[in-house]
Amino acid sequence: MAQGWDTLVEIDGDVMQALACTFGKKGSILERGGMRGTRQHNVNDAAAGPYRVNGPITVEPSNGGLYDLAVLVIGASDLLTAVAITVDRDTAAFDYAACCIDKLTISGSQGGLIQAVVEPIGTTEAAGSALAAPASSVPVAYSDVLLTIGAVTCTPQSFELRIDNDLDADRFLNSQTVTLNSASSMDARDRIVTLRAVVPYDSTHTSLYDMALAGMAGTLTVGTVVFTFGILQVPAESPPIGGKGEVYLTLNLQAKKTGSTADIAVSGGGGGSGA
């Protein structure tokens, strides 16, 4: 009997403990739509359709694992590297070839651990080999988070960083699986980088409310992994009052490129240590 607690995931050589995983093969069946002379559907009117390889994987990464995921989703020179992913579902393991990271969401809140939800898009599924448990590695605690916006060193109650590449997941051409482009990658049609931070509405953070459109530079440090943003813009949103407790300001920041400085860059963290 397969046990969820025994699920391991390997992404580009890093074996990670999965909190949740729906990444895998999703098939389809094509069917004629003509007049059948009956309301019933005939088995001979069906053909095997294309299948997708996608779905989120949730982990609590180490510094090295988080850095590796960030490098894969950001890419280099607007080109994403296609990597192999293996999911060991206890009873059987499956290999997924030529996977690119469509989206990565890194989040955390006071008193907890950092979580990462990685959303790859793959091409094919094949039988794989069981994965060995990852070497011991320390997860990243929320107390190891530091956020700086302009000259303000923030004390966020929670944050969520999301990188969305808007990959073309429908490039099947004349195949049953997603087809890579001539650069052996998938077409990234965009890159949207958003950062949501909830901070106390106090004298330290009031300058971040109704920020000028020109925005400010910023950095987010998660453990030893440093995300550097070209410019952070934020639309004004008045802080809500939800009761007798402290008032908090929600910053829905958007990272933008400025001059030759990219919208987002990642450094630190080493790599290859798994999660």
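This report describes the fold, strand pairing, internal cavity, ring contacts and selected loop residues of one protein model.

## Basis of the report

The model is predicted: local features need pLDDT of at least 70, side-chain atom pairs count only at pLDDT 80 or more, and totals for chains, interfaces and linings use all residues. Residues are numbered from 1 along each chain as its sequence is written, and side-chain values use heavy atoms, with hydrogens and water left out.

## Overall composition

The protein contains one helix and 19 strands. Both kinds of element are DSSP runs numbered from the N terminus, where helices are H or I runs of at least four residues and strands are E runs of at least two. The C-alpha trace spans about 70 × 50 × 45 Å along its principal axes.

The protein has 275 residues, of which 40% count as buried. Here buried stands for a relative accessible area under 20%, exposed for one over 50%, and partly exposed for values in between, with a 1.4 Å probe and protein chains only.

## Strand pairing around β15 and β18

Two strands are taken as paired if DSSP finds at least two bridges between them. Strand β14 (residues 158-164) pairs with strand β15 (residues 192-200) in the antiparallel sense, over seven bridges. Within this pairing, Ser158 has Val198 of β15 as its bridge partner. Strand β15 also pairs with strand β18 (residues 248-256), again antiparallel and over seven bridges; here the bridge partner of Leu195 is Leu253 in β18.

Strand β18 is further joined to strand β17 (residues 225-233) by three bridges, and these two strands run antiparallel. Gln233 has Gln254 of β18 as its bridge partner. The two faces of β18 are distinct: Leu249, Leu251, Leu253 and Ala255 form the covered face, while Tyr248, Thr250, Asn252, Gln254 and Lys256 form the uncovered one. The bridge partners named above in β18 therefore fall on both faces, Leu253 on the covered face and Gln254 on the uncovered one.

## The internal cavity

A search of the whole structure finds one cavity of 30 Å³ or more. On a 1 Å grid over the protein atoms alone, a cavity is a set of points where a 1.4 Å probe fits but cannot get out, and lining residues have an atom within 4 Å of a point. Grid points are joined across faces, edges and corners, and a volume is the space filled by probe spheres set on the points. The largest cavity holds about 40 Å³ of space.

Its lining consists of Leu208, Tyr209, Asp210, Met211, Val234, Pro235, Ala236, Glu237, Leu249, Thr250 and Leu251. These residues divide into eight nonpolar, one polar and two charged. In this grouping Ala, Val, Leu, Ile, Met, Phe, Trp, Tyr, Cys and Pro are nonpolar, Asp, Glu, Lys and Arg are charged, and the others, Gly among them, are polar.

## Contacts of aromatic rings

Rings of Phe, Tyr and Trp (its six-membered ring) pair if their centres lie within 6.5 Å; planes under 30 degrees apart are stacked, those over 60 are edge-to-face and the rest are tilted. The count comes to three aromatic pairs. One of them is stacked, because the rings of Tyr142 and Phe159 have centres 6.1 Å apart and planes at 20°. Tyr142 lies in the loop between β11 (125-127) and β12 (145-149) and Phe159 in strand β14, so this pair ties together parts that are 17 residues apart in sequence. Both Tyr142 and Phe159 are buried.

The pair of Tyr201 and Tyr209 is edge-to-face, because the ring centres are 6.5 Å apart and the planes at 80°. Tyr201 is partly exposed at a relative accessible area of 35%, and Tyr209 is partly exposed at 27%. In a further contact, Lys25 lies over the face of Tyr51, at 4.2 Å from the ring centre; such a contact requires NZ of Lys or CZ of Arg within 6 Å of the ring centre and within 35 degrees of the ring normal.

## Selected loop residues

Most residues other than glycine have a negative phi. Ser184, in the loop between β14 and β15, has a positive phi near 55°. Asp210 also has a positive phi, of about 55°; Asp210 lies in the loop between β15 and β16 (216-222) and is exposed, at 55% relative accessibility.

Gly33 lies in the loop between β4 (29-31) and β5 (46-48) and is exposed, at 77% relative accessibility.

How values were computed. 1 Å grid on protein atoms, 1.4 Å probe; cavity = no way out; pocket = protein on both sides within 12 Å on 5 of 7 lines; lining within 4 Å.
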